[in-house]
Amino acid sequence: MKTPIQFILNGEETAAFVESGSNLLDTLRESVGDLSVKGGCWQGTCGTCTVLIDGAPRLSCVTLAETCAGKSIETTAGLRSGADLHPLQAAFMERFAAQCGYCTPGMLMAAKALLDRNPNPTRADVVDAICGNICRCTGYEPIIDAVLDAARGEARRRA
Amino acid sequence: MLEFRKDIFADERDDNLIEIGQPTARQDILGHVTGTSPFYDDRRFADLLHLKVLRSPHPHARIRSIDDSAAARAPGVKRIIRAADVPVNLNTMLSLMAGAGAGYGAAGQWGKDDEPSLASDVVRYKGEPILGIVATSERAALEALAMVRVSYDPLPAVFDVEEALKPGAVSVNPAYPKNAFEYYGKYDHQKLRFGDIDAGFAQADLVLEGRYQMSPIEHAPTETNGSIAVPDTNGRFIVYTSTQALFFSLDTAAKINAMQANQLHFIGGTVGGGFGGKVDTLTEPLAILAARLTGAPVRYRLDRHEEMQFGSPRGAERIYIKDGIMKDGRVVARQVRAYFDSGAYTRLSSYAVVKCTAHIPGPYTIPNVHADVYCVFTNRTPATAMRGFGVTALDFALECQMDKDAIAIGMDPLEFRILNAYRDGDMKAHRREAKNCALVECAQVAAEKANWPLRDQFRRMSSREGGSPERGGIADRTRTPAVSRAPAHTSAGRTRAPSVPTPVAPQRMAYERPAPATPVRPAPAQQQPASRHVPPPAAPTSAPAGSTHGAPRFSSVFGTRRR
C-alpha cells in the first residue's frame with residue numbers, strides 16, 4: 001500500500017506515492033526523478049546522498065520518506081538558477097574539486113548547509129562540515145579550497 | 001603545488017608545451033557540479049527488473065544441494081538464474097589478450113579459463129556468486145534470496161600464500177592444483193637472474209634481510225559496481241555500465257554469453273570512481289543473461305557490502321628482501337622472494353606478477369640480482385588491478401629496505417639512494433640499458449624541498465654521469481652487441497651461418513639523452529674500495545645532440561617504447 005506525501009523540493013511543491021519504509025533517496029530518484037542525488041552505501045556512512053531538509057544536511061538513504069512530509073528539501077538539482085551556477089558550483093569547477101563527480105552532489109549540499117549558516121567559515125569549519133562525506137578521488141584539499149573560495153565570493157557579493 | 005623544474009635537463013627539451021602547465025577544466029566537470037553527469041544508474045526504464053545474487057557464506061565449501069523452489073514462487077520473482085543457465089560458465093579475463101591459440105599453448109599467456117560466473121559444485125571464496133534472482137524490485141529479489149536453501153559441506157581453506165604453496169596444502173583452484181599460477185603451462189613462478197647472487201653476498205660487507213607484507217585493499221569507489229542491460233531490437237542488448245574497461249567488459253560479456261561482440265552495445269565512460277576496481281566485469285555478463293532470459297531491462301547493482309566483500313581488491317603481497325651492501329654504500333646483491341595473493345581465481349594477477357618481477361630490483365643499479373615471484377591461489381576474494389598493482393607493494397618493501405640498509409651502514413638514506421640510483425647507460429637486471437634516468441635529480445629536489453642536508457658531492461651528482469654497463473656488473477650486450485643475434489639460416493639445410501661479427505648500431509630515439517662523452521664513476525664516501533671492474537674507454541656515440549621536444553622521460557620495462 002503506497003502513501004501519498006507532499007513536500008517542497010527545491011522550492012517547488014512536490015508529491016509522491018511512497019511505500020512504507022521507503023527512504024528519501026529512492027523516493028527522490030525513483031518517484032520524483034531527481035537524479036542529482038546519488039546513493040553510495042545505502043547505510044548512512046558515506047555522505048554521498050546528502051540533501052538539505054529544512055536547511056540541515058541529512059543522509060537521504062537513511063531518512064524515511066514519510067518523515068519528510070511538509071518539509072523543504074534541497075538537492076544539487078536546485079542549486080543553479082537558470083544558467084547561473086551557484087558560487088559553490090563555480091568554485092568547485094575553478095578549483096578542480098571534482099574528479100569522478102559521484103560524491104560531488106553530496107559534498108555541495110554539505111557545503112551549502114555550512115555557508116547558509118555561516119558565510120565566513122574558517123578552514124576548520126569547512127573540514128567539520130564535510131567530515132561525513134567521503135571522496136575517493138581528489139583528496140579533500142581542493143574541495144576545502146573551493147568551499148572557502150565560494151565563501152569569500154559570497155561575502156563579496158553580499159557586501 | 002605544481003612546479004616545473006625547467007633548470008633540470010634544460011638542454012634536453014625546448015619546452016614548447018601548450019597544454020602542460022596550463023590549468024584546464026575537466027570536460028565533464030559541469031555535469032559533475034550540477035549533478036547531471038550520466039552515471040549508468042541514472043537511466044530510467046519503466047519495466048526495469050532487478051538482479052540480486054546469492055553468495056557463498058563460506059571461503060571454501062562443496063555445494064551439496066540448492067533448493068530454490070520457495071524462492072521461485074515468491075512475490076515479484078521473474079526468473080531464477082542457475083549455473084546451468086550461463087552459456088559459457090568458465091572464463092579467465094586475460095584470455096581476451098593472449099588466450100589459447102595465440103601462440104602460448106593451451107593455457108594462453110595469462111592463464112586458463114578457471115572462474116565460473118555462478119558456482120555449481122564448489123565455492124572457493126566468501127562472497128562467490130551461486131545463483132541469481134530477477135525480480136520486480138531489489139527488495140523482492142532480496143526477500144526471495146532469503147528463501148533459497150543451500151546445503152554446504154565446508155572444506156578446509158587456505159588464506160596464507162606461503163601455506164598454500166606447502167606440499168599437502170588445500171587445493172583451491174582445480175585449474176592450478178598446486179595453488180601456483182603456471183606460466184606457459186609449466187613454470188610455477190617468474191624468475192629474474194642477473195650476475196652471481198652468491199658471489200655478491202660473499203663480497204658484501206653486510207647482509208640485511210627484511211620481510212614485508214601488504215593486506216588486500218578495497219578500492220571502495222563511492223559508486224558501486226553495476227550495470228543495466230536492456231534488450232534492443234535484432235537480438236542486440238544495450239548495456240549501461242560503470243566499467244572502467246568498456247571494450248574489455250564487452251568482449252568478456254560476449255564470451256560468457258556466447259554472443260557476438262556486435263550484439264552488445266556498451267555505454268559507459270562516466271565512472272563513479274574506479275581505481276582498478278571496475279575492470280573485472282563483475283556485473284555485465286549476468287545482467288545481460290538476465291535480460292535475455294526475461295526479455296526486460298535488468299539492473300545488477302552491488303550494494304556496499306557486496307562491493308567490499310565480493311568486489312575484487314588489490315591483492316595481498318608478501319615480500320622477502322635480502323640485500324648485500326658494501327661499507328661505501330653500494331648495494332652489490334639483492335635477492336627477492338615475493339608472493340602475490342591472487343585469491344581464488346586468476347583475473348589479472350598473473351600479469352601483476354610479471355609487472356612485479358619486471359620492477360625488481362627497483363630503480364637501482366645492482367650487479368647481482370636474484371628474484372622469484374609467485375602468483376598464489378588462496379580462498380580469498382580474487383584480486384584485481386589497483387593503481388600500479390604488482391609494483392606498489394614491492395616499492396613499499398624496497399624503499400623500506402633501502403632505509404634499513406642505509407641506517408645499517410650509517411649512511412644518509414637519500415645519499416644512499418643517489419649513490420645506487422640508475423644512471424644513463426647502466427645495465428639493468430633485465431638486460432636493458434637504463435635511459436633518461438632522473439632518480440638522482442628527484443632525490444636532490446626532494447632533499448632541497450625538505451631542507452634535508454645533502455653533502456656537496458651528492459648534490460653535484462647527475463643521472464647523466466657515471467653510468468656504464470659495467471657498473472651493473474656485466475658487459476653491455478644490448479646496446480652494442482658484438483654479434484647479430486638474428487639466427488641466419490640457409491634455405492637448404494637450416495645451417496647456422498658462421499658467426500661473423502656484425503656491429504649493430506645502437507638504436508636510440510630522438511628524445512633520448514645522448515651518452516656522456518666521458519663517463520665519470522660516482523665518487524661516493526671517502527675511500528671507495530678498488531672496483532673489481534675497470535671502466536672501459538668511453539664508447540663513441542652517434543646519438544643526436546639533445547632532444548627535439550619536451551617528451552616525457554619514460555623508459556618502460558619493455559624498453560624504450562613510449563606508452
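The axis of a helix is a line fitted to its C-alpha atoms, over the stretch in contact when two helices are compared, and the angle between two axes runs from 0 to 180 degrees between their N-to-C directions. With this definition, the packing of two helices in chain B of this predicted model can be described. Helix α11 (residues 392-408) of chain B and helix α12 (residues 413-420) of chain B have axes 9 Å apart, and the angle at which they pack is about 105°. Angles of 65 to 115 degrees count as roughly perpendicular. α11(B) is therefore roughly perpendicular to α12(B). On the side of α11(B), the contact is made by B:Met402, B:Asp403, B:Asp405 and B:Ala406, and on the side of α12(B) by B:Pro413, B:Phe416 and B:Arg417. By class, the residues of this contact are four nonpolar, no polar and three charged.

A second pair of helices in chain B may be read in the same manner. The axes of helix α7 (residues 246-256) of chain B and helix α8 (residues 284-294) of chain B cross at roughly 50° and come within 9 Å. This angle makes α7(B) oblique to α8(B). The crossing in which α7(B) passes α8(B) is right-handed. From α7(B), the residues B:Ser249, B:Thr252, B:Ala253 and B:Ile256 meet B:Glu284, B:Pro285 and B:Ile288 of α8(B). The contact of α7(B) with α8(B) has four nonpolar, two polar and one charged residues.

These two pairs belong to a chain with 14 helices and 15 strands. Chain B has 563 residues, of which buried residues make up 47%. When the contacts in chain B with a separation of 6 or more are considered, 78% of them are accounted for by residues 24 or more positions apart.

Attention now turns to chain A. Its secondary structure comes to five helices and five strands. Read from the N terminus, these elements follow the order β-β-α-β-β-β-α-α-α-α. The C-alpha atoms of chain A fill a box of roughly 50 × 35 × 25 Å along the principal axes. A compact globule with 159 residues would have a radius of gyration near 15 Å, and the 15 Å of chain A agrees with that value. Of the 159 residues in chain A, 50% count as buried. Contacts in chain A between residues at least 6 apart in sequence include 58% that join residues at least 24 apart.

Helix α1 (residues 24-32) of chain A shows what burial looks like within one element. This helix is mostly covered, since seven of its nine residues are buried. A residue is buried if 20 or more other C-beta atoms lie within 10 Å of its own. In α1(A), the buried residues are A:Leu24, A:Leu25, A:Asp26, A:Thr27, A:Leu28, A:Arg29 and A:Val32. Their cover includes three strands of chain A, namely β1 (2-9), β2 (12-19) and β3 (50-53). After α1(A) comes A:Gly33, which has a positive phi near 90°.

Further along chain A lies A:Gly78, placed in the loop between β5 (72-74) and α2 of chain A. Because A:Gly78 has 19 C-beta neighbours inside 10 Å, this residue counts as partly exposed. Setting aside residues up to four places away in sequence, A:Gly78 touches A:Asn10 and A:Gly11. A:Gly78 and A:Gly11 are 67 residues apart along the chain, yet 8.1 Å separates their C-alpha atoms.

The loop that holds A:Gly78 leads to α2 of chain A, which packs against α3(A). The axes of α2(A) and α3(A) are 10 Å apart, and the packing angle is about 125°. With that angle, α2(A) is oblique to α3(A). α2(A) passes α3(A) in a crossing that is right-handed. A:Leu88, A:Gln89 and A:Phe92 of α2(A) meet A:Thr104, A:Leu108, A:Ala111 and A:Lys112 of α3(A). The residues of this contact comprise four nonpolar, two polar and one charged.

Finally, the two chains may be considered together. Contact between them involves 25 residues of chain A and 22 residues of chain B. To the side of chain A that touches chain B, α2 (87-94) and α3 (104-117) of chain A each supply at least two residues. The residues on that side of chain A divide into 15 nonpolar, eight polar and two charged. The helices α2(A) and α3(A) thus have two roles in this description: they pack against each other, and each supplies residues to the side of chain A that touches chain B.

How values were computed: Residues numbered from 1 in each chain as written. Chains lettered and ligands numbered in written order. Predicted model: local features only at pLDDT ≥ 70, side-chain atom pairs only at ≥ 80, totals over all residues. Helix = DSSP H or I, 4+ residues; strand = E, 2+ residues; numbered from the N terminus. Rg over C-alpha atoms; globule rule 2.2 N^0.38 Å. Buried ≥ 20, exposed ≤ 12 C-beta atoms within 10 Å, placed from the backbone. Contact = placed C-beta atoms within 7 Å. Nonpolar A, V, L, I, M, F, W, Y, C, P; charged D, E, K, R; others polar. Parallel < 35°, antiparallel > 145°, perpendicular 65-115°, else oblique. Left-handed = near helix turned anticlockwise from the far one by under 90°.
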